[in-house]
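The following exercises invite the student to read a structure step by step. Please study the sequence and the structure shown here before turning to the solutions.

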Amino acid sequence: MDIKAILLQRSEGCCELCGADNGLEVYQIEPVELAVSECQIIACQTCYDQIDKKAPLDEEHWKCLIQCSRSDYTSVQVVSWRQLQRLSHLDWAKEVLKYLKFDEVTHEWALAGL
Ligand SMILES: [Zn+2]
């Protein structure tokens, strides 16, 4: 199985951030050399474009981070953390960030992608 098929299986065919089930692509979490876990997640086009800063941040859309920051997968947590940093002026995002703690190497990876 290729990486997309593996990720789609673990995500049950949904975006690992917002749960959408269309326009799913593999998102590569940079920098790969600092990765402490698998460095791909499945993301929908809406999430993808906003992570990549090709589209403006839709604050309402990212309320999905409240859920997905609790993912079992470090890769999903790292992407969540980075998006939360961009939203950290919002009270709910600040709250979520308080509970999203990483060990040192994971924190380094997360930080390097900001
Ligand atoms: Zn999504």
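**Exercise 1: Unusual backbone angles**

Glutamate 12 is located in the loop between α1 (3-10) and β1, where helices (H or I, at least four residues) and strands (E, at least two) are DSSP runs numbered from the N terminus. The model is a predicted one, in which local features need pLDDT of at least 70 and side-chain atom pairs count only at pLDDT 80 or more, while totals for chains, interfaces and linings use all residues. Residues are numbered from 1 along each chain as its sequence is written.

Task: determine what is unusual about phi of glutamate 12, and whether lysine 53 counts as buried or exposed.

Solution.
Step 1. Most residues other than glycine have a negative phi, and most peptide bonds are trans.
Step 2. Phi of glutamate 12 is near 55°, a positive value in a residue other than glycine. This residue is exposed, because 10 other C-beta atoms lie within 10 Å; a residue is buried with 20 or more other C-beta atoms within 10 Å of its own, exposed with 12 or fewer, and partly exposed in between, the C-beta atoms being placed from the backbone.
Step 3. Lysine 53, in the loop between α2 and α3, also has a positive phi, of about 60°, and is not a glycine. It has 9 C-beta neighbours inside 10 Å and therefore counts as exposed.
Step 4. In the loop between β1 (25-28) and β2 lies proline 31. The peptide bond that leads from glutamate 30 to proline 31 is cis, with omega near -15°.

**Exercise 2: The surroundings of tyrosine 27**

Task: state which residues tyrosine 27 touches, not counting residues up to four places away in sequence.

Solution.
Step 1. Tyrosine 27 belongs to strand β1. It is buried, since 22 other C-beta atoms lie within 10 Å.
Step 2. Beyond those sequence neighbours, tyrosine 27 touches Gln40, Ile41, Ala43, Tyr48 and Ile51; two residues are in contact if their C-beta atoms, placed from the backbone, lie within 7 Å.
Step 3. Tyrosine 27 and serine 80 are 53 residues apart in sequence, and their C-alpha atoms are 13 Å apart in space.

**Exercise 3: The core and helix α4**

Task: identify which element gives the largest share of the largest nonpolar core, and check the length of α4.

Solution.
Step 1. The largest nonpolar core has 25 residues, and Cys15, Ile41, Ala43, Cys47 and Val79 have the most contacts inside it. Such a core is a set of buried Ala, Val, Leu, Ile, Met, Phe, Trp, Tyr and Cys residues joined through C-beta atoms within 7 Å.
Step 2. The largest share of this core, five residues, comes from α4.
Step 3. The 13 residues of α4 should span 18 Å at 1.5 Å a residue, and the end C-alpha atoms are 19 Å apart, which agrees; the expected span is 1.5 Å times one less than the number of residues.
Step 4. The buried residues of α4 pack against β2, α2, α3, α5 and α6.

**Exercise 4: Two packed helices**

Task: describe how α4 and α6 pack, giving the angle and the distance between their axes.

Solution.
Step 1. Two packed helices are described by the angle between their axes and the distance between the axes.
Step 2. For α4 and α6 the angle is about 50° and the axes are 9 Å apart.
Step 3. The contact involves Thr74, Val78, Trp81 and Arg82 of α4, together with Thr106, Trp109 and Ala110 of α6.

Methods
Axes fitted to C-alpha atoms, helices over the stretch in contact; angles between N-to-C directions.
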